[in-house]
Amino acid sequence: MNPFRKLAGQTAIYGLPTIVGRLLNYLLVPLYTRAFVPAEYGVVTEVYAYVAFLFVLLTYGMETAFFRFASREEQNNAVFATAMTSLGVTSALFAVAGLLFAPEISTRMGYGNHPEYIRWFILILATDAVSTIPYAKLRLENRPLRFALIKIVNIGANISFNLFFILLCPYLLSEYPDTAVTGLISRIYNPETGIGYIFISNLIASLLTFALLLPDILHKSMKPDPALLKKMLAYAWPLLIFGMAGIVNETFDRVILKHLLPGTTTEAMAQLGIYGACYKISILMTLFIQTYRYAAEPFFFDQARSQNPQDTYARMMHYFLIVCLFIFLSIMLFLDIVMLFVGESYREGAPVVPVLLLANLFLGIFYNLSIWFKLTDKTTYGALISVIGAVITLLLNFLLIPKSGYMGAAWATFACYASMMVISYLLGRKYYPVKYNLTGAAIYTITALLLYGASLLIRTDNLLVSYGSSAVLLLFFIAFVGYRESKVFRRVIHKA
């Protein structure tokens, strides 16, 4: 099968539940930003930032190590058992320690009255970490349908319980008091829990997912190989540094924002809530990147055994950039409509959206470029690049947030990912040269930015004219790409 058709097909199957689920989760943002004030949503934003950081620590690069060694070793069961046992032990230790010290942790984070937040997320993190390797096994074995089914169940459960606790229970208690149904609901629902039901819904979904993955765990022989574990950890530890530095780049602004902003803690949390909600606007870009990565990482390793894989990687990058630029334009040309998804008190954060979209575009390009250090086993370089990005993130956040608020955080993210992209490209030219189409990338990027600039100049109070001109500009970009790529498209289709 043509490799691009295979990648596109698997991306579609892996991505369908992710895209649909994330879009459905995205529809929860209007609920959250209307049910909770910005300061309350700021708590959700901050806690999830910590969770993202800890998840990288708990998985310590073992997923990529599993892909790498399972593609080399004849005994894939040994690789699976070794990775699974390693993550199971470390996750259990983390859960025990976290549950014991939950009150102290919640006090230090400023949630002294809610240690249950910490307990719920300790369990979520431990469960999700253990589920990582079974998910990776499904991807490695090319079982995207089962992968998709479990993802859909996870997402459906999370959304359903959010709607149940945040919408249905308050409605029934308000409209139908003193009935048998509301009597039952009052036993499982407490209005004072508030944003806690976001966390509870997540925990229920994570536990259900783990239960569905159990058959994929139990039918394998769980005999870990200590010698193999040493090799896997040696491969993975630079990826841990890479991941930790990467998550600093991704989430540190939401962790530190409340500490650097002037004003009271409540005011700072409100600003964090606004920033977190507007960060979600870039979801379409991050959705595509995440979906692409699910299929691309095992595909990268598989294609490395083919003849001249560099040509394949160059074309993958080319089409990846085109899709990302289309997403950027689609959001920015109709940003007024997109911003309606968040509550009115959150819309003042709209100026961060184009900055964050471009930052995520740079991050996506970096993920494509990262194949050079993964294939050459020079993962220490990947760690070094991410550390450099983390240093840039830290410095710029401390410099810019006190002066520019969350706009400073957005520009710090932009500078970080742009720097990582450039450094990775320059090092990749030396250790694993790939002839990327830089001319085409420059033409498409400049065209997209010019079209966005034109939309700002011709925007008027007449909605018909404004949105009509935006639609014309988007169609122009599509036609321009189609014209330039028509010969390539015909050649690829002919080969397929």
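Here are a few informal notes on the domains, one buried residue, a pocket and a cavity in this predicted model.

1. **Two domains.** Start with the overall layout. The domain assignment splits the protein chain into domain 1, covering 11-260, and domain 2, made up of 263-353 + 364-378 + 424-495. Notice that domain 2 is written as three stretches of the chain, so keep those ranges handy while you look around. From one C-alpha centre to the other, domain 1 and domain 2 are 26 Å apart.

2. **Where the domains meet.** How many residues does the contact take from each domain? Domain 1 puts in 39 residues and domain 2 puts in 40 residues. People often describe the size of an interface by the accessible area lost when the parts come together. Here, domain 1 and domain 2 bury about 3,500 Å² between them. Of that area, 68% is on carbon and sulfur atoms.

3. **A look at Thr 82.** You'll find Thr 82 in helix α5, which runs over residues 76-100. Is Thr 82 buried or exposed? Its relative accessible area is 1%, and buried means under 20%, so Thr 82 counts as buried. Now skip the neighbours within four places in sequence and see what else Thr 82 is in contact with: Pro 224, Asp 225, Leu 228, Leu 229 and Met 232.

4. **The second largest pocket.** This pocket has a volume of about 420 Å³. It is lined by 18 residues, and those closest to its centre are Leu 321, Ile 365, Met 421, Leu 438 and Ala 441. Four helices each supply at least two residues of the lining: α14 (309-333), α16 (352-369), α19 and α20 (438-458). Which of them gives the most? That's α16, with 5 residues. By class, the pocket lining has 15 nonpolar and 3 polar residues, with no charged ones.

5. **The second largest cavity.** The structure holds 2 cavities of 30 Å³ or more. The second largest has a volume of about 70 Å³. Its lining consists of Leu 369, Ile 371, Trp 372, Ser 424, Tyr 425, Gly 428, Arg 429, Tyr 432, Val 434 and Tyr 436. The elements giving two or more residues to this lining are α17 (371-375) and α19 (406-431). The top contributor is α19, with 4 residues.

6. **What kind of residues line that cavity?** Sorted by class, the second largest cavity has 7 nonpolar, 2 polar and 1 charged residues in its lining. Try picking out Arg 429 in the viewer, since Arg counts as charged.

Key:
Residues are numbered from 1 along each chain as its sequence is written. This is a predicted model: local features need pLDDT of at least 70, side-chain atom pairs count only at pLDDT 80 or more; totals for chains, interfaces and linings use all residues. Side-chain values use heavy atoms; hydrogens and water are left out. On a 1 Å grid over the protein atoms alone, a cavity is a set of points where a 1.4 Å probe fits but cannot get out, and a pocket is an open set with protein on both sides within 12 Å along at least five of seven lines; lining residues have an atom within 4 Å of a point. Grid points are joined across faces, edges and corners, and a volume is the space filled by probe spheres set on the points. Buried means under 20% relative accessible area, exposed over 50%, partly exposed in between (1.4 Å probe, protein chains only). Contact means heavy atoms within 4.5 Å. Buried area is the accessible area (1.4 Å probe) that two parts lose on being put together, summed over both.
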